[in-house]
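Please open the structure in your viewer and keep the sequence panel beside it. We will go from the whole chain to a few selections.

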Amino acid sequence: MITDPTLMNQFFVNLEGVRVLGINDEAEVPEVHIELERQVVGCPICGVVARVQDRRAVRLTNLSMAGRKIALVWNKRRFICLDVACEQGTWTEVDHRIAAPRLSLTDRAGRWATFQVGNQGRDVEGVAKDLGCDWHTVNDAVLAYGEALIEHPGRFADVASLGLDEHLMVREGQRRHKNFVTAIVDVDKGQLLDIVPDRKGDEPKAWLRAMGPAWLAGVTAGTIDLSATYKSVFDDVLPKAILVADPFHLVKLANSKVDECRRRVQNETLGHRGRKSDPLYRIRRLLLLGKKRLDELGHEKIMGYLAAGDPRGELQMTWHAAQSIPELYEVTDFALAEEFIDELIRDMAESTFPVEVRSLSKTLKRWRTEIIAWHKRQITNGPTESMNNLAKRVAFGFRSFRNYRIRALLYAGKPNWDLLATITPR
Ligand SMILES: [Zn+2]
């Protein structure tokens with residue numbers, strides 16, 4: 001049996017200058033009691049040798065050993081400055097190797113938990129259960145280590161194409177508050193750089209300016225949804241960057257016009273909202289499929305139901321107009337693409353077309369430069385895999401913006417996990 005304190009330290013803690021006082025194996029989770037070896041401590045303000053005032057036992061959740069849950073109980077000394085004229089008063093000893101101040105996980109357990117949640121995508125709940133502690137203990141550690149990891153400057157290096165996109169963050173709680181946030185993305189790397197509050201322009205502008213002129217000079221292109229607010233961010237802060245309207249968002253907008261038209265025609269012809277048996281309602285999904293994914297049978301089905309439910313051919317016209325949007329992106333030559341879009345703008349503006357098609361023409365006209373810019377620089381903001389996963393996995397259920405931001409960035413921000421062993425938690 002080992003009774004020597006130094007050997008016990010090697011076995012349980014393995015930190016120089018830490019003494020194991022004993023092990024309480026009668027506690028529900030076995031406790032290893034430790035203290036720091038005695039040494040002369042000076043007051044941080046005046047330097048006068050301090051006196052130990054008292055001790056306080058701090059319980060820390062540690063990594064399991066050999067499958068058994070284990071806790072460290074750190075007998076922390078509280079010091080007092082003996083110089084009566086000094087303002088310091090009392091203070092408690094700190095040792096980051098054991099645990100970061102304010103956290104109830106040991107340093108080792110904190111780093112492990114951060115990796116489990118942030119890199120492996122595990123639930124905080126499950127990690128807490130493994131360690132034998134509560135949700136907050138793990139979450140606090142993930143935020144503290146995670147924040148240091150995502151703010152490492154190396155993560156922001158070499159960004160050439162920047163995307164701005166709005167995301168929905170749903171807060172936990174009775175009301176399930178909906179808040180929009182702005183995601184700042186390196187679209188070449190598919191990497192989430194940061195998340196800032198709301199979908200207004202001020203926050204992204206401030207974020208970009210804080211990166212400094214050298215960093216901004218490296219950004220030569222940007223992509224946005226069809227949002228005037230985000231366009232103003234680029235106009236103000238990155239006026240020289242080529243700005244590209246995200247194709248995914250444009251196609252989505254065209255599809256929304258098909259939906260609008262379908263609902264209007266439905267209402268005008270049958271006098272009620274779409275029901276299961278209504279012809280136009282039956283093809284509502286087929287209409288959004290796009291030419292490439294629509295087989296012959298689907299096409300026939302659409303034509304059949306349109307004949308039944310679209311007497312003036314309005315939905316058919318809108319459907320065709322929307323289908324010509326993806327075709328714009330099949331053109332590879334810039335000059336041809338310019339001709340193509342000008343033709344679309346002109347054709348769709350004709351008074352014989354339904355209001356939805358004419359509105360699409362207006363959008364194309366307003367965003368012509370940015371839409372056509374895709375043919376100079378083929379970048380897209382929307383369906384990058386990491387952002388989709390992000391939306392599915394961490395876009396809801398957060399109590400605070402900080403929590404949401406750190407978790408999202410650990411997941412989709414591509415932090416350098418090799419640094420996890422060396423960073424200092426916030
Ligand atoms: Zn002092």
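The tour below begins with the overall form and then moves to domains, a core and one helix.

This is a predicted model, in which local features need pLDDT of at least 70 and side-chain atom pairs count only at pLDDT 80 or more, while totals for chains, interfaces and linings use all residues. Residues are numbered from 1 along each chain as its sequence is written.

Show the whole protein, whose C-alpha atoms fill a box of roughly 90 × 50 × 35 Å along the principal axes. It has 16 helices and eleven strands (DSSP runs, H or I of at least four residues for helices and E of at least two for strands, numbered from the N terminus).

Next, colour domain 1 (5-98), domain 2 (153-246 + 380-421) and domain 3 (247-375), with bounds that come from an automatic or database domain assignment. The centres of domain 1 and domain 3, taken over C-alpha atoms, are 69 Å apart.

Now select A113, V138, V142, I371 and L409, which have the most contacts inside the largest nonpolar core, a set of 93 residues. Such a core joins buried Ala, Val, Leu, Ile, Met, Phe, Trp, Tyr and Cys residues through C-beta atoms within 7 Å.

Finally, select helix α16 (residues 401-412), where ten of the twelve residues are buried, that is, 20 or more other C-beta atoms lie within 10 Å of their own, C-beta atoms being placed from the backbone (12 or fewer would be exposed, and in between partly exposed). Among the buried residues of α16 are Y404 and L409. Just after α16, look at K414, which takes a positive phi of about 45°.

Note on methods:
The expected span of a helix is 1.5 Å times one less than its number of residues.
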